[in-house]
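Open the model in your viewer with the sequence panel beside it. The stops below are given in the order in which to select them.

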Amino acid sequence: ERVFSTPGAVCMHARKMTAGSKVYAATHPIHVENITLMHNGSIPNWQSIFPNCGSDTIGIAKMLAEDGIQRIAETIDGAKTLVWLDASDNSLNFFKHSERPLYMYKTGSSYVYASEEWMVFKALDQYGLPRDGQVVFEDGYHYKYMVLEKEWAEPVKYKDPVPPATTSNYSKKKVDGMGVTEVAYPVTRQI
């Protein structure tokens, strides 16, 4: 209960690793300079984008610290719903990608978020906290909450990344219970 009545931000992250080395350095949250990052998703070609990083999340955290969210949002293709604390301006930041969910509910003066809605409900119900309203995150937007001021900045929309020139699609017939459908699959070629 003290967590929900104390000013500031508490971020927790539980996940199953899907990309990168299974080493402590790749355990979330990832700390790089002023950024503390949690990442739900995976970047398929992360080794070529972030060659000297142990995981896609470490690479994203480094890029966030150096360049901010715009470069990541507009150039890195792949699933990337991100939540990060930025110590340089005491903000809690959210970037929702279409391939990964993000749910948030307000309870009193606090917010609880998770990748699954039932997780938020479980946390609130565990402590008998009300659901005072849902915060809806739209895909491709950066949302910034100024923790000390307790104010939301105006959300910023970013354009989707343009697939790299080395990517093309091929189609394959897929048979399912509904008949035969044509499915496009991305293919990345080395140059």
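How many of the 6 residues of strand S2 (residues 35–40) are buried? Select S2 and check: 5 of its 6 residues are buried, so the strand is mostly covered. Keep in mind throughout that this is a predicted model.

**Whole chain**

Zoom out before going further. The chain has 191 residues, of which 36% count as buried. Its secondary structure consists of 5 helices and 12 strands. With a surface display on, about 11700 Å² is exposed, and carbon and sulfur atoms supply 52% of that area. Contacts between residues at least 6 apart in sequence can be split by separation: 49% of them join residues at least 24 apart.

**Strands S1, S2 and S3**

Return to S2 and add strand S1 (residues 30–32). The two run antiparallel and are joined by 3 bridges. Pick Ile30, then its bridge partner in S2, Leu37. The hairpin of S1 and S2 has 2 residues between the strands, and Glu33 in this hairpin takes a positive phi near 50 degrees.

Now add strand S3 (residues 81–86). S2 and S3 are also antiparallel, with 6 bridges between them. For a reference pair, label Met38 and Val83: Val83 in S3 stands opposite Met38. When viewing side chains here, a general point helps: in a regular strand they alternate between the two faces of the sheet.

**Helix H3**

Next, select residues 56–67, which make up helix H3. The helix has 12 residues and reaches 16 Å from its first C-alpha to its last, close to the 16 Å expected at 1.5 Å a residue.

Why is H3 described as largely enclosed by the rest of the structure? Because 9 of its 12 residues are buried. To see them, colour Asp56, Thr57, Ile58, Gly59, Ile60, Ala61, Met63, Leu64 and Ala65. Then show what these buried residues pack against: S1, S2, helix H2 (46–49), helix H4 (69–75) and S3. Just after H3, click on Gly68, which takes a positive phi of about 85 degrees.

**Two positive phi values outside glycine**

Go to Asn90, in the loop between S3 and strand S4 (91–95). Asn90 has a phi near 50 degrees, a positive value in a residue other than glycine. Its relative accessibility is 39%, so Asn90 counts as partly exposed.

Then select Lys150, in the loop between strand S8 (141–146) and strand S9 (151–152). Phi of Lys150 is near 55 degrees, again positive in a residue other than glycine. Lys150 is partly exposed, with a relative accessible area of 47%.

**Strands S5, S6 and S7**

Select strand S5 (residues 103–107) and strand S6 (residues 110–114), an antiparallel pair joined by 5 bridges. Lys106 stands opposite Tyr111 in S6. There are 2 residues between the strands in the hairpin of S5 and S6, where Gly108 takes a positive phi near 60 degrees.

S5 has a further partner to add, strand S7 (residues 133–135), paired in the antiparallel sense over 3 bridges. Label Met104 and, opposite it in S7, Val135.

**Helix H5 and a charge over a ring**

From Tyr103, draw a distance to Met119: the C-alpha atoms are 9.1 Å apart, and the residues are 16 apart in sequence. Met119 lies in helix H5 (residues 117–126) and is partly exposed, at 36% relative accessible area.

Show the side chains of Phe121 and Arg131. Where does the charged end of Arg131 sit? Look over the ring of Phe121, 3.7 Å from its centre.

**Aromatic rings**

For the last stop, show aromatic side chains as sticks. The model holds 9 aromatic pairs. One of them is Tyr145 with Trp152, tilted, at 5.0 Å centre to centre with 55 degrees between the planes. The two residues fall into separate accessibility classes: Tyr145 is buried because its relative accessible area is 9%, under the 20% limit, while Trp152 counts as partly exposed at 30%.

Finish by selecting Phe94, Tyr111, Tyr113, Phe137, Tyr141, Tyr143, Tyr145 and Trp152 together; ring pairs link these residues into a cluster. Tyr111, in this cluster, is also the residue opposite Lys106 in the pairing of S5 and S6.

Definitions and conventions
Residues numbered from 1 in each chain as written. Predicted model: local features only at pLDDT ≥ 70, side-chain atom pairs only at ≥ 80, totals over all residues. Heavy atoms only, no water. Phe/Tyr/Trp six-rings, centres within 6.5 Å; stacked < 30°, edge-to-face > 60°. Buried < 20%, exposed > 50% of the residue type's maximum accessible area, 1.4 Å probe, protein only. Lys NZ or Arg CZ within 6 Å of the ring centre and 35° of its normal. Helix = DSSP H or I, 4+ residues; strand = E, 2+ residues; numbered from the N terminus. Contact = heavy atoms within 4.5 Å. Areas by Shrake-Rupley, 256 points an atom, 1.4 Å probe, with all protein chains shown as cover. Pairing = 2+ DSSP bridges. Expected span 1.5 Å × (residues − 1).
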